[in-house]
Amino acid sequence: MAQNPAQSFTLNVDGNTHTVEVDDPDMPLLYALRDHMGLNNPRFGCGLGQCGACTVHLDGRPVRSCITPVSAVGDSRIGTLAGLGTPDKPHPIQKAWLDEQVSQCAYCINGWIMTAAALLDEKPRPTDQEIKDALSTLICRCGTHAAAIRAVKRAAQTL
Ligand code: FES
Ligand code: FES
């Protein structure tokens with residue numbers, strides 16, 4: 001059986017341009033980031049859009065890259081954890097995560113930080129309910145939810 005010809009997609013990731021060649025335009029953006037570009041902050045958790053570990057920003061909004069086809073990204077700006085802050089200059093939510101010692105195994109951390117950062121961009125002073133709503137669909141098997149909410153509140157106080 002004849003194979004589909006490879007298709008090329010140019011992606012804007014953290015302000016840098018990357019071109020990927022893929023056999024299947026429905027391939028998840030997560031695979032393009034991890035397997036084609038070596039950007040390993042977005043994690044593979046459920047692969048079904050249900051846990052949030054794979055979250056990246058598309059034009060500033062959090063999306064689950066495991067269920068986002070690479071062909072659907074177009075010219076949107078992709079933001080990853082690597083572009084959020086640095087050890088020398090962390091994003092306020094990254095600093096708050098450390099200050100509150102939220103992480104346990106840290107497998108889920110990418111999704112929580114990226115989701116919280118997008119919330120704080122949109123609403124620098126979120127209410128408790130807005131924080132809970134924004135984080136409600138993220139899964140952490142280590143049970144860090146309460147500490148994560150404290151960290152978002154702490155970060156909001158510094159913005
Ligand atoms: S890996 Fe994407 S939502 Fe779970
Ligand atoms: S810190 Fe372990 S899964 Fe969240």
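In this predicted model, R154 sits in the in-between zone for burial: its relative accessible area is 33%, so it counts as partly exposed. The partner to look at is E100, which forms a salt bridge with R154, with the closest N and O atoms 2.9 Å apart. E100 belongs to the loop between α2 and α3 while R154 belongs to helix α5, so this pair ties together parts of the chain that lie 54 residues apart in sequence. The pairing does not stand by itself, since salt bridges with shared partners join K95, D99, E100, R150 and R154 into one network.

R150 is another member of that network, and it too pairs with E100, here with 3.0 Å between the closest N and O atoms. Again distant parts of the chain are linked, with E100 in the loop between α2 and α3, R150 in helix α5, and 50 residues from one to the other. As for exposure, R150 has a relative accessibility of 43% and so counts as partly exposed. E100, by contrast, comes out at 18%, which falls under the 20% cut-off and therefore makes it buried.

Across the whole structure, the search turns up seven salt bridges. One of them joins D59 to R77, and there the closest N and O atoms are 3.7 Å apart. This pair also links distant parts of the chain: D59 is in the loop between β3 (55–58) and β4 (61–64), R77 is in strand β5 (residues 77–79), and 18 residues separate them. With a relative accessible area of 39%, D59 is partly exposed.

Back to helix α5, which covers residues 145–157. Its 13 residues should span 18 Å at 1.5 Å a residue, and the end C-alpha atoms are 19 Å apart, so the expected and modelled values agree. Its buried residues are A147, A148, I149, A151, V152, A155 and A156. The cover over these buried residues includes α2 (92–99), α3 (109–122) and α4 (128–135).

I93 gives a residue-level view of that packing. It lies in helix α2 and, with a relative accessibility of 0%, counts as buried. Setting aside neighbours within four places in sequence, I93 touches L84, I113, A116, A117, L120, A151, V152 and A155. Among these contacts, A151, V152 and A155 also appear in the list of buried α5 residues. As for I93 and R150, they are 57 residues apart in sequence, and their C-alpha atoms are 11 Å apart in space.

That leaves the question of empty space inside the model. Rolling a probe the size of a water molecule over the atoms shows where such space is left. The count comes to one cavity of 30 Å³ or more, and the largest cavity holds about 50 Å³ of space. Its lining is made up of W97, V102, S103, Q104, C105, A106, C108, I109, W112, C140, C142 and T144. Sorted by class, the lining has nine nonpolar residues, three polar ones and no charged ones.

Key: Residues numbered from 1 in each chain as written. Chains lettered and ligands numbered in written order. Predicted model: local features only at pLDDT ≥ 70, side-chain atom pairs only at ≥ 80, totals over all residues. Heavy atoms only, no water. Helix = DSSP H or I, 4+ residues; strand = E, 2+ residues; numbered from the N terminus. Expected span 1.5 Å × (residues − 1). Buried < 20%, exposed > 50% of the residue type's maximum accessible area, 1.4 Å probe, protein only. Contact = heavy atoms within 4.5 Å. 1 Å grid on protein atoms, 1.4 Å probe; cavity = no way out; pocket = protein on both sides within 12 Å on 5 of 7 lines; lining within 4 Å. Points joined across faces, edges and corners; volume = space filled by probe spheres on them. Nonpolar A, V, L, I, M, F, W, Y, C, P; charged D, E, K, R; others polar. Salt bridge = Lys/Arg side-chain N within 4 Å of Asp/Glu carboxyl O.
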